[in-house]
Amino acid sequence: MRGLLAKRMKFHLLGAFLVSAGAAALFKFGVAEPRKRAYAEYYKHYDPMKDFEAMKAAGVLESAPPK
């Protein structure tokens, strides 16, 4: 029974590190990178003036009333 805690702690510490590194890699490549690509693709074709004119025509902006 001597040294049981230390031996178990090494095993669980290594396991926890591997699981957390795996989860971080899975999140990065499964969520973050596709999200970055989607934002880049959206803003590649985004026209802020067209969006502004649409909001202005809809009456959303108080500082720029519709004509």
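The following exercises, with worked solutions, concern the fold, burial and surface of a predicted model.

Local features require pLDDT of at least 70 and side-chain atom pairs pLDDT 80 or more, while totals for chains, interfaces and linings use all residues. Residues are numbered from 1 along each chain as its sequence is written, and side-chain values use heavy atoms, without hydrogens and water.

**Exercise 1.** Determine how the radius of gyration of the protein chain stands against that of a compact globule.

*Solution.* The radius is taken over C-alpha atoms, and the globule rule is 2.2 Å times the number of residues to the power 0.38. For 67 residues this gives a value near 11 Å, but the protein chain has 26 Å. Its C-alpha atoms fill a box of roughly 85 × 25 × 10 Å along the principal axes.

**Exercise 2.** Identify the helix that holds leucine 18 and classify this residue as buried or exposed.

*Solution.* Helices (H or I, at least four residues) and strands (E, at least two) are DSSP runs, numbered from the N terminus. The chain has two helices and zero strands, and leucine 18 is placed in helix α1. Buried means under 20% relative accessible area, exposed over 50%, and partly exposed in between (1.4 Å probe, protein chains only). Leucine 18 is exposed because its relative accessibility is 53%. In the whole chain, buried residues make up 3% of the 67 residues.

**Exercise 3.** State the separation of leucine 18 and lysine 56 in sequence and in space.

*Solution.* Along the chain, the two residues are 38 residues apart. In space, 52 Å separates the C-alpha atoms of leucine 18 and lysine 56.
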